[in-house]
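Me: I've got this model open and I'd like a close look at one part of it. Could you take me through a single helix and its surroundings, and then show me how the rest fits around that?

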Amino acid sequence: RYGPNGNCGANACPSGKLRVVAMAETNNGANHPSCFTTGPSASNELVNLQFLVTNDRTFECQYVPIRWCWYDCGDNGISSVTGDTLFISRHVYYSDNANPIEQFGQGYPTNFGAQENCDIDTGDGKPDLLRLIDFQNGGIDIVCADSIDARGDLNLNGLDNEIADAVLYTNYFIHGLAAFTINPEGQTAASDVNADGIPLSVGDLVYQIRIIVGDALPYPKVVTPTTVNFANNHGTLTVNGDVPMGAAFVVVEGNATPELLADGMEMRYAYDGQNTRVIVYSFDRGSFSGEFLQVDGDIVSLEMATYDGFPVVTKTVPVDFVLNQNYPNPFNPTTTISFALPTASDYSLVIYNVNGQEVAQFAGSSEAGIIDLEWDAASNASGIYFYKLTAGDFTDTKKMVLLK
C-alpha cells in the first residue's frame with residue numbers, strides 16, 4: 001500500500017496485496033524485540049494483521065483465502081542480524097500444513113515461493129541466499145450469520161421474528177441506522193428476513209410481519225423481483241399491477257407531511273434533517289394497489305415489496321397521454337417524435353404536409369411508457385409538416401419544420 005498510513009479509507013483497506021517492511025536496527029518503541037531470534041526453537045511475532053469482514057450476508061459461510069505472494073527474490077525474506085545473509089522460502093504450505101506446494105519454476109508473480117533464479121550459489125566467496133523459511137497460507141472463515149444471531153432477530157434478544165423485532169424494523173425505516181443501538185452490524189446482518197441476500201429492505205419487513213401474524217414460515221428462498229408500474233401525479237403516488245403490494249418505503253426531499261391514501265394500511269414518517277422518510281405497511285395482513293400516498297416534494301427514492309415479501313422493481317410510467325415536440329426542430333433530414341402512454345394502448349402517428357397530404361405513418365401497440373419514433377425525411381422537400389397522434393380517445397397535433 002502507498003503512503004505513510006497506507007491507501008486505506010476511514011474504515012477499511014481495499015482488497016489486494018499488502019507489503020510489510022520492518023527493521024529492528026534501532027530500539028524505537030515498545031514493540032522492539034528484546035533479543036535477536038536465534039536457535040531452532042526461538043520465535044518472535046513480527047506482524048499482527050486485523051481484517052475487517054463484510055456484513056453482506058451474500059458472503060456468509062464462505063472461506064476467504066489469504067496467500068503469500070512473491071514478486072521478486074527479496075519478497076518475504078528475513079535478514080540476518082549482520083545484514084550479510086538473506087533467508088528466503090524453503091517450503092510453502094496450504095493452511096492444513098500437510099504437503100508442501102512450492103514450485104520454483106513458475107516465474108513471478110507467484111504464490112509458490114521464491115523462484116529458482118534466487119538460488120545463486122556461484123562459489124565466488126560472496127554470501128548466498130539461504131532457503132530456511134517455511135510459509136503457511138491461511139484465510140478467514142466468514143461466519144454464518146444464523147450461527148450468531150437468528151435471521152429476523154433484529155433486537156438480538158435471542159427470539160427471532162417477534163413483535164419487538166418488527167417495531168424495531170419500522171423504526172429503522174423512519175430513523176435509519178440510528179434505530180440500531182445494540183450492535184448495528186449484527187442487527188443489520190439479522191435483518192435479511194426473506195433470505196434474498198439484501199439486508200434492510202422493505203421486503204424483509206413485509207415478510208417478518210407475515211411470520212409474526214402466522215401467515216408465513218421463516219424459510220430461506222430465492223426470488224425474482226416483480227415489476228410494477230409506478231406513477232407520480234403531482235404528488236399522488238400510484239402503483240398498478242396484478243400483484244398486491246405489502247409495503248412501501250418512500251424518501252421525500254425536504255420536510256414533508258404525507259397523507260396515507262391506501263385503505264387497510266398504516267403509515268409512519270419522520271424528518272431526518274434533510275429528507276422525510278415514510279413507511280407504509282400493515283400488521284393486519286393488508287395490501288394495496290392504486291393510489292397509496294400523497295406527498296409534496298421530490299421523490300428521492302422508492303422501495304416496495306409484494307405482500308409475499310418479494311422485492312419489486314418499479315417502472316415509472318406517465319400520468320397522462322402527451323405528444324411531445326419533435327427534436328431537433330428544425331431538422332435535416334431526421335427527427336425524433338416522442339409521446340407518452342399512461343396505459344397499454346394502440347397508437348397511430350400520421351405526418352402531413354401543408355397541403356394535408358399524408359407523407360408518413362407509424363402505427364403499433366405498446367405498454368405504458370415513453371415511445372420514441374424517428375422520421376427520415378430525406379426524400380421530402382423542405383417546408384412545414386404536421387404530425388398527429390391518436391391513442392385511445394386521445395388526439396393531438398403539432399408542427400415541425402424540415403430545413404435542407
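Reply: Start with D165, which is buried, with a relative accessible area of 0%. This is a predicted model, so take everything that follows as a reading of the prediction. D165 sits in helix α2, which runs over residues 163-175.

What does the side chain of D165 face in there? One of its polar atoms lies 3.0 Å from the backbone nitrogen of L154. The backbone nitrogen of N155 also has a polar atom of the D165 side chain 3.1 Å away. Leaving out residues up to four places away in sequence, D165 touches G152, D153, L154, N155, L159, D160 and Q208. L154 and N155, whose backbone nitrogens I just mentioned, are on that list.

Now the helix itself. α2 has 13 residues, and from its first C-alpha to its last it reaches 18 Å, close to the 18 Å expected at 1.5 Å a residue. Its N-terminal end is capped by E162: a side-chain oxygen of E162 lies 2.9 Å from the backbone nitrogen of A164. At the other end, G176 comes just after α2 and takes a positive phi of about 75°.

D165 has company inside α2, where A166, L168, Y169, T170, Y172, F173 and I174 are buried as well. What covers them? The cover over the buried residues of α2 includes two helices, α3 (184-189) and α4 (202-212). It also includes the strands β8 (245-253), β10 (266-271) and β11 (275-281).

Follow those buried side chains and you get to the largest nonpolar core, which has 24 residues. Y169, Y172 and F173 are among the residues with the most contacts inside this core, along with V202, L205 and I279. At least two residues of the core come from each of α2, α4, β8 and β11. The element that gives the most is α4, with six residues.

F173 is a good place to click if you want to see this up close. Not counting residues up to four places away in sequence, F173 touches L200, S201, V202, L205, F249, R277 and I279. Apart from this core lies another one, of 20 residues, including I371, L389, A391 and L402.

I371 makes a handy way into the next region, since it stands in β19 opposite F339. β19 belongs to an open sheet of three strands, in the order β15-β16-β19, with antiparallel pairing. β15 (322-323) and β19 (369-376) are at the edges and have a single partner strand each, so one side of each is left without a neighbour in the sheet.

Between them in the order is β16, residues 334-341, joined to antiparallel β19 by eight bridges. Two bridges join β16 to β15, again antiparallel. A340 is the residue to look at here: in β16, A340 is the bridge partner of V322, and A340 also stands opposite I370 in β19. Seven of the eight residues of β16 are buried, so β16 is largely enclosed by the rest of the structure.

There's one more feature to look at, and that's the cysteines. How many disulfides are there? The count comes to one, and it joins C73 to C118, with an S to S distance of 2.0 Å. The torsion about that S-S bond is about -95°, so the disulfide is left-handed. C73 lies in the loop between β1 (63-66) and β2 (78-79), while C118 lies in the loop between β3 (86-93) and β4 (130-136), so the pair ties together parts that are 45 residues apart in sequence. Both C73 and C118 are buried. Another cysteine, C69, counts as buried too, at 16% relative accessibility.

Finally, step back to the whole chain. Its secondary structure comes to four helices and 21 strands. Buried residues make up 36% of the 404 residues, D165 being one of the buried ones. Of the contacts with a separation of 6 or more, 61% are between residues 24 or more positions apart.

Terms used: Residues are numbered from 1 along each chain as its sequence is written. This is a predicted model: local features need pLDDT of at least 70, side-chain atom pairs count only at pLDDT 80 or more; totals for chains, interfaces and linings use all residues. Side-chain values use heavy atoms; hydrogens and water are left out. A disulfide is a pair of cysteine sulfur atoms within 2.5 Å. Buried means under 20% relative accessible area, exposed over 50%, partly exposed in between (1.4 Å probe, protein chains only). A polar contact is a pair of N or O atoms within 3.5 Å; within protein, one must be able to donate a hydrogen and the other to accept it, and residues adjacent in sequence count only if both atoms are side-chain atoms. Contact means heavy atoms within 4.5 Å. The expected span of a helix is 1.5 Å times one less than its number of residues. Two strands pair if DSSP finds at least two bridges between them. A nonpolar core is a set of buried Ala, Val, Leu, Ile, Met, Phe, Trp, Tyr and Cys residues joined through side-chain atoms within 4.5 Å.
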